Amino acid sequence: MTNRILFILMLVAGLTAPFFAYPVFVMDLLCFALFACAFNLLLGYAGLLSFGHAAFFGGAAYITGYVTKEWGFSPLLGILAGTGFTLVLGSIFGFLAIRRQGIYFAMVTLALAQIIYFLALQMPFTGGENGLQGIPRGELFGFIDLNNSLAMYYFVFAIFLIGFGIIYRTIYSPFGVVLEAIRENESRALSLGYDVDRFKLLAFIISATVAGLAGATKAIVFQFAALTNAHWQTSGEVILMTLVGGLGTVFGPVVGAITVGALSHELSSFGSWVQVILGTIFVVCVMVFRRGIVGEIQRLATRKKD
Amino acid sequence: MSIQVILAQALLGLNVGVFYAMLSLGLAVIFGLLNIINFAHGAMYMLGAFLALIGYSFLEQWFGVSVQIGFWASLVLVPLLVGLLGVLIERFLLRRLYELDHIYGLLLTFGITLILQGLFSNYFNVSGTPYPGQPESLSGVMNLGFMYFPTYRLFAIVFSLVVCFATWFFIEHTKLGSRLRAGVENPDLTQAFGLNVPLMITLTFAFGAGLAGLAGVLAAPMYSVSPLMGADLIIVVFAVVVIGGMGSIMGAILSGLALGLIEGLTKVFYPPAASTVIFFLMVLVLLFRPAGLFGKEK
């Protein structure tokens, strides 16, 4: 019930947003929100902390940028190519990472992501530190010009809804329930006969793919694949967004992405102090605010009911 | 390719390897007792380098005191300061998280990393500031018979090796060390025998932090001091730790040294892969020996 109300709220806000906010900024937030939702599936529901999700977010952007710029792919095909790339990459990383548990899982994903970062820095087609520039927005279905910012916006919003829908369906499917069981007690889930590794791998692949979808879309929006998007700090940022919004809540990552995104935007004139402030928020969240915004609201709501 | 070039790169690789060894040793010691991975380990290494730099070059300019803290004094003072920061972090923050999932410890130390890194980025250039305080006695080059090698780098190698093996000896072969190992094995029982386990935990964390600070001081004269120097290094050290497994102190030291050496040699034979070779080795280890070379399967 609450989910339905929140969803309608999100839909209305999303549809009207470009009329009272700068569309490119809202598109940026939407991409990060989708990225955070994908990340949340893994940490919030399967209990797996990936410290390397920037590899998917940033990697997809490069592939999408390259195929639309050099091979003349349409934006939709380009995004599909970028997303498909992360599907494969996510399968490989996931297969390797689930061989270790807990804290090691985080370190393995971080190290694997660093390979992608160095490739993005060194490969001939990526533009090194400058990133891949001049990606065309092109035309959707051959007749909708995406250089129009409203058309671009609703395209991005549609992609966001699709990605959000995939994550939502996964969370509330029997598959999602088994994931939660694994998070709560892995050995028990195993002894109940679930193939724990297969569930973890599939969750990792879904999460990586949706993160890639978000990154691919961002490349089209900004016409630019940035090296920073593949950097470990981006992996940290998405963790922060999820944590601030509410770990393991459906709408938390969206709220968190908007909060952190708006905050970084407002504070951008402070230079490096932004990092200090974000770090402080990180510490405060971990110490005293582990439920996050949506988590706290939910707790208050259920308490009232009792 | 001449043998000299290979030997020179091998020695330079060993030079990097001792830093991997010292940092992964600190991580392993902390992990053993606290079961958390200290993401801020890299930031503490950076902090060590900056404290040495500030003590040497900026005290008068910033604080108006006309004192200059030289390299040797830094080598003693800075690890103590960084260790003190470790005590504060453990006492006031980490301690409250032990009951929770260990990932919260990682996330907390990640936040601390951002704070430290951001602070120094405000005052220092990301591309690095040189540390001018290298002592006179260690400047110049040394004739090793087959090649000339910078005296300071040689000193750094020998000094780090001594520190690493002293730590190993302390933990594996002294009475205090055996108590520490008992605390790792079974904290509750150790506490029941009358040992102050919480104090041991605090001091262990401080020791690991101090070790990172010490590595930072050692690195300062060799690499330019930059706010990002720790972050780039620590991720490689994570891979080193995954490869070695954190089960044993000696394992952490040896894998650090070996991987530095391999990285150095990669620079000779295929330079573009030098920055990623350790990560690819990690992939191989995960495929064929998931628990790590020295790790125990749990």
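User: How much of chain B counts as buried?
Analyst: Of its 298 residues, 50% count as buried. Buried here means that 20 or more other C-beta atoms lie within 10 Å of a residue's own, exposed means 12 or fewer, and partly exposed is in between, with C-beta atoms placed from the backbone. Keep in mind that this is a predicted model, where local features need pLDDT of at least 70, side-chain atom pairs count only at pLDDT 80 or more, and totals for chains, interfaces and linings use all residues. Residues are numbered from 1 along each chain as its sequence is written, and chains are lettered from A and ligands numbered from 1 in the order in which they are written.

User: And what's the figure for chain A?
Analyst: For chain A, 51% of the 306 residues count as buried.

User: Back to B. What is it built from?
Analyst: Chain B has eleven helices and two strands. Helices (H or I, at least four residues) and strands (E, at least two) are DSSP runs, numbered from the N terminus. The order along the sequence is α-α-α-α-β-β-α-α-α-α-α-α-α.

User: Why call chain B compact?
Analyst: Its radius of gyration is 19 Å, close to the 19 Å from the globule rule for 298 residues, so chain B is as compact as a globular protein of that length. The radius is taken over C-alpha atoms, and the rule is 2.2 Å times the number of residues to the power 0.38. The C-alpha atoms of chain B fill a box of roughly 55 × 55 × 35 Å along the principal axes.

User: What about contacts within chain B, how many are long-range ones joining residues at least 24 apart?
Analyst: Among contacts in chain B between residues at least 6 apart in sequence, 78% join residues at least 24 apart. Two residues are in contact if their C-beta atoms, placed from the backbone, lie within 7 Å. In chain A, that share is 77%.

User: Ala192(B) caught my eye. Buried or exposed?
Analyst: Ala192(B) counts as exposed, because it has 10 C-beta neighbours inside 10 Å. Ala192(B) sits in helix 7 (residues 187–192) of chain B.

User: How many residues does each chain put into the A–B contact?
Analyst: Chain B gives 32 residues and chain A gives 32 residues. On the chain B side, helix 4 (103–123), helix 9 (229–244) and helix 11 (277–288) each supply at least two residues. Helix 4 of chain B gives the most, with 15 residues.

User: What classes of residue are on that side of B?
Analyst: The side of chain B that touches chain A has 23 nonpolar, eight polar and one charged residues. Ala, Val, Leu, Ile, Met, Phe, Trp, Tyr, Cys and Pro count as nonpolar, Asp, Glu, Lys and Arg as charged, and the others, Gly among them, as polar.

User: OK, chain A now. What's in it?
Analyst: Chain A has 13 helices and four strands. The C-alpha trace of chain A spans about 50 × 40 × 40 Å along its principal axes.

User: Where does helix 9 of chain A sit, enclosed or not?
Analyst: Helix 9 of chain A is largely enclosed by the rest of the structure, because 21 of its 27 residues are buried. The end C-alpha atoms of helix 9 of chain A are 39 Å apart, which agrees with the 39 Å that its 27 residues should span at 1.5 Å a residue. That expected span is 1.5 Å times one less than the number of residues. Right after helix 9 of chain A comes Gln223(A), with a positive phi near 55°.

User: At what angle do helix 2 and helix 9 of chain A pack?
Analyst: Helix 2 (residues 23–45) and helix 9 of chain A pack at about 170°, with their axes 8 Å apart. Axes are lines fitted to C-alpha atoms, for helices over the stretch in contact, and angles run from 0 to 180 degrees between N-to-C directions. The two helices of chain A are therefore roughly antiparallel. Angles under 35 degrees count as roughly parallel, over 145 as roughly antiparallel, 65 to 115 as roughly perpendicular and the rest as oblique. Their contact has 18 nonpolar, three polar and one charged residues.

User: And helix 6 against helix 9 in chain A, what angle there?
Analyst: Helix 6 (residues 149–171) and helix 9 (residues 196–222) of chain A pack at about 175°, with axes 11 Å apart. That makes helix 6 of chain A roughly antiparallel to helix 9 of chain A. By class, this contact has ten nonpolar, three polar and no charged residues.

User: What else do the buried residues of helix 6 of chain A pack against?
Analyst: Besides helix 9, they pack against helix 1 (2–20), helix 2, strand 2 (139–140) and helix 7 (174–184) of chain A. Among those buried residues are Phe155(A), Phe160(A) and Phe164(A).
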